[in-house]
Structures are given as structure tokens and as C-alpha cells.
Amino acid sequence: MKNNFAGLPVMKEEVKAAIKKMKHGKATGPDNISVELIEVLEDFGIGRVTHLLNEINDTGQIPTDLSKSIFIALPKKPGATECELHRTISLMSHITKILLKIIMLRVRNKIKPEIAEEQRGFVEDKGASNAIYILRTLIERALEIQKDVYLCFIDYTKAFDRVCHDEIITQLKQLNIDGKDLTL
């Protein structure tokens with residue numbers, strides 16, 4: 001299946017919605033542009049970001065300055081010396097984050113019908129805390145009626161390192177995700 005590089009332009013409303021969903025007070029990436037700065041510039045800032053994102057969308061090329069990230073390893077405990085005892089954060093451009101939020105929202109809207117009702121992770125209002133609540137309620141009810149409950153926990157450590165990205169792209173193409181969004 002060939003990528004057709006067709007797709008919709010980035011709309012100001014999408015940029016505004018993405019900015020609204022972003023967390024404030026976060027460290028900036030190498031470009032030193034914060035989401036708060038874009039918000040303060042109001043329509044001018046939204047217009048400039050929209051124009052830039054449409055250039056990226058049309059060419060399929062993310063400028064080098066926007067594709068750079070700063071990786072910082074933070075120790076989970078003081079004095080940690082082993083890699084497993086650190087968590088890594090990435091400081092990236094807030095403009096890049098806005099672009100990624102827009103693409104993610106577009107993709108989510110198209111794949112929503114494909115997600116099973118039982119799916120918990122990465123689904124809005126169906127996160128880990130909801131699953132824990134459901135599990136806890138189920139166990140409490142089982143105890144009330146004196147029934148056994150059997151649980152199976154699977155450790156998915158480093159699962160995302162083993163994901164076949166080519167297969168994901170193939171599946172997204174089959175769901176008619178726009179070529180421009182796939183390219184980015």
C-alpha cells in the first residue's frame with residue numbers, strides 16, 4: 001500500500017484545541033518557546049503556529065530545530081547508579097507537541113470505532129484508575145457472595161520497545177488515516 005500524501009490542512013481550531021489540552025508550566029525544548037507564550041500572543045500566535053504547522057504538513061518535513069529533544073535521566077531514588085533506577089524525560093518543542101496532539105486527535109477519531117469496549121489503556125476515561133476501581137468493586141462483590149476470584153497479571157515491561165512499527169503503519173493505512181498524518 002502506497003502512502004498517498006493526501007490530507008487535510010491544519011485548522012486554527014485544531015491548534016486552539018491542542019493548546020487548550022496542553023499542561024502549563026512545563027519546561028521548554030531546545031527552541032525555548034512555551035505554550036504560555038503562544039497563548040499570550042492570542043490570534044497572532046495561533047495564526048503563526050497554524051501557518052508553520054501547515055508548512056510542515058504540506059512538505060512532510062519537520063524542521064531540525066523542532067525535531068530535537070533534550071533527554072534527561074532523573075533518579076527515582078537519591079544516589080541511584082543503575083539505569084533501571086532512573087526515569088528519562090524528554091524536553092521537546094511545545095510546537096512539536098501541538099502538532100503531535102493534532103495528529104493524535106485525528107487518528108483517535110478514525111480508530112475509535114475499532115477499539116473494543118473492554119480496552120482500558122490509552123482510551124479517554126478508561127485509564128488505570130478506572131480499571132482498578134472496577135477490579136476492586138468486582139472483588140468486593142465476590143467476597144460478599146463468597147465466590148473465588150482468579151486474577152492474572154502480565155508484566156508488559158518494555159513492551160513498546162518490541163512493537164512492530166511497520167505493522168502499525170500498515171494497520172493505520174487500512175483504517176484510511178490521511179497520508180500526511182501518517183508521514184508526520
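In this predicted model, I38 sits in helix α2. The residue is buried, with a relative accessible area of 4%. Leaving aside residues up to four places away in sequence, I38 touches I19, I33, G45, V49, I95 and I98. A look along the chain from here gives a sense of distance: I38 and R106 are 68 residues apart in sequence, and their C-alpha atoms are separated by 22 Å.

I38 also belongs to the largest nonpolar core, which has 21 residues. The members with the most contacts inside this core are V15, I19, I38, V49, L53, I98 and I102. Two or more residues are contributed by each of α1 (12–21), α2 (35–40), α3 (42–59) and α5 (94–111). Helix α5 supplies the largest share, 6 residues. The surroundings of I19 fit well into this picture: beyond residues up to four places away in sequence, I19 touches V35, I38, E39, I46 and I98. The contact between I19 and I38 thus appears from either side, in the list for I19 and in the list for I38.

Helix α5 deserves a closer look, and three of its residues can be taken in turn. H94 is located in this helix. How buried or exposed is H94? With a relative accessible area of 1%, H94 counts as buried, because the limit for that class is under 20%. Its contacts, again without residues up to four places away in sequence, are M22, K26, A27, T28, I33, S34 and V35. Of these, I33 is a contact of I38 too, and V35 is likewise touched by I19.

Further along, V107 is also found in helix α5. V107 is buried, at a relative accessible area of 13%. Which residues does V107 touch, not counting residues up to four places away in sequence? The answer is L172 and I177. A link to a later part of the chain shows in the C-alpha positions as well: V107 and L182 are 75 residues apart along the chain, yet 9.1 Å separates their C-alpha atoms.

K110 is the third residue of helix α5 considered here. At 36% relative accessibility, K110 counts as partly exposed, because this value falls between the 20% limit for buried and the 50% limit for exposed. Apart from residues up to four places away in sequence, K110 touches L175, N176, I177 and D178. I177 therefore figures in the contacts of K110 as it does in those of V107, with contact taken as heavy atoms within 4.5 Å. In contrast to the pair V107 and L182, K110 and G127 are 17 residues apart in sequence and 20 Å apart in space, C-alpha to C-alpha.

Two loop residues have backbone angles worth a mention. Most residues other than glycine have a negative phi. N32, however, has a phi near 65°, a positive value in a residue other than glycine. N32 lies in the loop between α1 and α2, and is exposed, with a relative accessible area of 61%. Where along the chain is Q146 placed? Q146 occupies the loop between α6 (128–144) and α7 (165–174). Its phi is positive, at about 55°, although Q146 is not a glycine. Q146 is exposed as well, with a relative accessible area of 74%.

The chain as a whole completes the description. It has 8 helices and 2 strands, and from the N terminus on the elements run α-α-α-α-β-β-α-α-α-α. A compact globule of 184 residues would have a radius of gyration near 16 Å, whereas the chain has 21 Å. Along the principal axes, the C-alpha trace spans about 65 × 45 × 30 Å. Of the 184 residues, 23% count as buried. Among contacts between residues at least 6 apart in sequence, 65% join residues at least 24 apart.

The accessible surface of the chain amounts to about 13900 Å². Carbon and sulfur atoms account for 57% of this surface. As for charge, the chain carries 27 positive and 26 negative charges, and the mean positions of the two sets are 1 Å apart.

Definitions and conventions. Residues numbered from 1 in each chain as written. Predicted model: local features only at pLDDT ≥ 70, side-chain atom pairs only at ≥ 80, totals over all residues. Heavy atoms only, no water. Core = buried A, V, L, I, M, F, W, Y, C linked by side-chain atoms within 4.5 Å. Buried < 20%, exposed > 50% of the residue type's maximum accessible area, 1.4 Å probe, protein only. Helix = DSSP H or I, 4+ residues; strand = E, 2+ residues; numbered from the N terminus. Rg over C-alpha atoms; globule rule 2.2 N^0.38 Å. Areas by Shrake-Rupley, 256 points an atom, 1.4 Å probe, with all protein chains shown as cover. Lys, Arg positive; Asp, Glu negative; His and termini not counted. Charge placed at Lys NZ, Arg CZ, Asp CG, Glu CD.
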